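Visitor: I am new to this structure, and I would like a close look at a single part of it. Please choose one part and take me through it slowly, with enough of the surroundings to show me where I am.

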Amino acid sequence: MSDVIDNKADHRFELEVEGHLATEHYKLDGDVITFEHTDVPKELGGKGVGSKLVQGALDQVRAAGLKLIPQCPFVKAWIEKHPEYADLVKS
């Protein structure tokens, strides 16, 4: 599996797996990033690709010193299962 990349031009994090592209769409406002939608192709379903994408994106959010608004239900649920990332959520 390849690493998650931040496609700033398209406002999305991307993870290519087996020739398919999983994406995490976001909008950035100052130092706050809102994760709007996670898209994992059906061919990659059930393989943990969404989790790898979200974790890789959140690691980059942390490294950039941003705060997160998890508008996407998948991201919100993932953070609830991984409380070590809860500090990124904007209060």
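The paired strands and their turns

Guide: Of the 91 residues in the protein chain, 38% are buried, and it helps to keep that share in mind while we look at the strands one after another. What you see is a predicted model, and the part I have chosen is the run of strands with the turns that link them.

Let us first place that part within the whole. The protein chain has 2 helices and 5 strands, and, read from the N terminus, these elements follow one another in the order β-β-β-β-α-β-α. The radius of gyration of the protein chain is 12 Å, close to the 12 Å that the globule rule gives for 91 residues, so the chain is as compact as a globular protein of that length. The C-alpha trace spans about 35 × 30 × 20 Å along its principal axes. Among contacts between residues at least 6 apart in sequence, 42% join residues at least 24 apart.

Now begin at the N-terminal end of the part, where β1 (5-7) and β2 (12-17) are joined by 3 bridges and run antiparallel. Within this pair, N7 stands opposite R12 in β2. The two strands form a hairpin with 4 residues between them, and in that turn lies H11, whose phi is positive, about 55 degrees, although H11 is not a glycine. Is H11 buried, exposed or partly exposed? At a relative accessibility of 44%, H11 counts as partly exposed, because its value lies between the 20% limit for buried residues and the 50% limit for exposed ones.

The next strand along, β2, is mostly covered, since 5 of its 6 residues are buried. On leaving β2 the chain makes another hairpin, this time with β3, and there are 2 residues between the two strands. The residue to notice in this turn is E18, which has a positive phi of about 50 degrees and is not a glycine. E18 has a relative accessible area of 56% and therefore counts as exposed, the limit being over 50%. The strands on either side of the turn, β2 and β3, pair in the antiparallel sense over 6 bridges, and in β3 the bridge partner of F13 is E24.

One residue of β3 deserves a pause, and that is H20. With a relative accessible area of 26%, H20 is partly exposed. Leaving aside residues up to four places away in sequence, H20 touches L15, P41, E43 and L44. Another residue to set beside H20 is V40, which is 20 residues away in sequence and 8.6 Å away in space, C-alpha to C-alpha.

Strand β3 (residues 20-29) is then joined to β4 (residues 32-39) by 7 bridges, and these two strands run antiparallel. Here H25 stands opposite H37 in β4. The hairpin that β3 and β4 form has 2 residues between the strands, and G30 in the turn has a positive phi of about 65 degrees.

With β4 we come to a pairing in the parallel sense, for 4 bridges join β4 to β5 (residues 67-70), and the two strands run parallel. In β5, the residue P70 is the bridge partner of F35. Between these strands the path of the chain includes helix α1 (residues 49-63), and β4, α1 and β5 together make a right-handed β-α-β unit.

Finally, look at what lies against this part of the chain. Helix α2 (residues 73-81) has V75, W78 and I79 as its buried residues. Seen down the axis of α2, these buried residues fall within an arc of 100 degrees, so they line one face of the helix. They pack against β3, β4, α1 and β5, which brings us back to strands we have already visited. The face of α2 turned away from its buried side carries the exposed residues P73, E80 and K81. As for the outside of the whole, the protein chain exposes about 5200 Å², and carbon and sulfur atoms supply 51% of that area.

How values were computed
Residues are numbered from 1 along each chain as its sequence is written. This is a predicted model: local features need pLDDT of at least 70, side-chain atom pairs count only at pLDDT 80 or more; totals for chains, interfaces and linings use all residues. Side-chain values use heavy atoms; hydrogens and water are left out. Two strands pair if DSSP finds at least two bridges between them. A crossover is right-handed if, with the strands pointing away from the viewer, the path from the first strand over the helix to the second runs clockwise. Buried means under 20% relative accessible area, exposed over 50%, partly exposed in between (1.4 Å probe, protein chains only). The radius of gyration is taken over C-alpha atoms; the globule rule is 2.2 Å times the number of residues to the power 0.38. Contact means heavy atoms within 4.5 Å. Accessible areas come from the Shrake-Rupley method with a 1.4 Å probe; for residues, only the protein chains shown count as cover. The arc is that of the directions from the helix axis to the C-beta atoms.
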